[in-house]
Amino acid sequence: MSKLIFYTIILLVSMKVTWAKDCTSREVALIIENDSSLTLGGGTDRYYSNGFEALIKCHTDPDSDDSRSNLALRTLSWFDDSSNFVKTTKGFKIGQKVYTSSDLSLTEEEINTDRDRPYAGWSYASFFYEAETFQDRYLKHEFSIGCVGPCSQADNIQTEWHEFFGFVRPEGWDLQIRNQLALQYFLEYKTNRYEVFPHISLHPRYKASLGTILNDVSFGGEFIVGDKSNEQYNDPAQIYKKWEWQLFLHNDIKLVAFNATLEGSLFNNSSPHTVSPSRVVLENGIGVRLNYNNQYLFEYRFIGRSTENEEQDWKFWDHKYGSFEFGFGF
């Protein structure tokens, strides 16, 4: 019964976002992240094993009364005049992230609980606000609710998926992080983009997470070659482009205070297997974005992340995975 209520709430919220009367346009997107060979992620099937997000966005006119109540626009208005905004958005998404040990074939008795990463599943639903200016200054507020532990159903989904395709059966889910409520707030802020050379720019960004699952801050940015995101809006005399493209390199430094997928609950120590997180985590990636007719979006990232488990020897690229995003506007 609880599952039926949960899915009903998701359906109602997504319909409200999608069919809101104030939407000037709408967008749906699917993000798939995996460390398999198919995603050019190295085929390791460990640590951050896989994840997905399904999003629905409602884009609104920045000058509308509804947009003026957009939390992201109101925050960015401290830095920019309201006439400078080109995009305001509200959206809803559901997602799941799956974390496993270094080797799926290891049984509960064989896993080195002093050094290896614990299994963990995190399922969630989020509501978010976004705002963006002509100069690509961007801000997002995201509020998320969900759960970590067996309640996420990550163990059942991964096990059934592997059995169906004949992959290695994950044997360590009995040691997963125990059930806990996931209440999270995420903040992402990007400054104006700085043009280094024609079609070459630098876009600094800052992120923060606060809640029962993640508490951290990060800073970094993207080095971008290609079209500027809002250049067509910024220069009405410019000839409209059917195709827009970007190649990019991103680098982020994350300072970690708490990570429940490694440490267990913020309020108790009931999980059978926990480890301490690395306090500094580096993430580097390279990728490509394609946008056709301002309607169809494709993005691919190859991401390398440094060691997240303090009990293990530190490596610059301890784990690699690929990320695909497919979007459609209507």
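**Exercise 1.** In this predicted model, determine which side chains make a polar contact with the side chain of Glu33.

*Solution.* Begin with Ser323: its side chain makes a polar contact with that of Glu33 at 3.3 Å. Next, consider Tyr48, whose side chain is in polar contact with the Glu33 side chain at 2.5 Å. Finally, place the residue in its element: Glu33 belongs to strand 1, which spans residues 23–34.

**Exercise 2.** Explain why Glu33 has no salt bridge, starting from the nearest side chain of opposite charge.

*Solution.* First, identify the candidate: the nearest side chain of opposite charge is that of Lys97, 4.1 Å away. Second, apply the cut-off: a salt bridge requires a side-chain nitrogen of Lys or Arg within 4 Å of a carboxyl oxygen of Asp or Glu. Because Lys97 is 4.1 Å away, Glu33 has no salt bridge under this cut-off, although Glu33 is buried. Third, examine the surroundings: leaving aside residues up to four places away in sequence, Glu33 touches Lys97 as well as Tyr48, Ser49, Asn50, Gly51, Tyr321, Gly322 and Ser323.

**Exercise 3.** Establish which residues of the largest nonpolar core touch the most other members, and which element gives the largest share.

*Solution.* The core has 15 residues, and those touching the most other members are Tyr99, Trp122, Val148, Ile213 and Leu214. Two elements, strand 4 (120–133) and strand 6 (180–190), give two or more residues each. The largest share, three residues, comes from strand 4. Turning to Tyr99, its contacts beyond four places in sequence include Tyr48, Ser49, Trp122 and Trp173. Another core, of eight residues, lies apart from the largest one and includes Val98, Leu104, Ile111 and Trp173.

Notes:
Residues are numbered from 1 along each chain as its sequence is written. This is a predicted model: local features need pLDDT of at least 70, side-chain atom pairs count only at pLDDT 80 or more; totals for chains, interfaces and linings use all residues. Side-chain values use heavy atoms; hydrogens and water are left out. Helices (H or I, at least four residues) and strands (E, at least two) are DSSP runs, numbered from the N terminus. Buried means under 20% relative accessible area, exposed over 50%, partly exposed in between (1.4 Å probe, protein chains only). Lys and Arg count as positive and Asp and Glu as negative; His and the chain ends are not counted. A polar contact is a pair of N or O atoms within 3.5 Å; within protein, one must be able to donate a hydrogen and the other to accept it, and residues adjacent in sequence count only if both atoms are side-chain atoms. Contact means heavy atoms within 4.5 Å. A nonpolar core is a set of buried Ala, Val, Leu, Ile, Met, Phe, Trp, Tyr and Cys residues joined through side-chain atoms within 4.5 Å.
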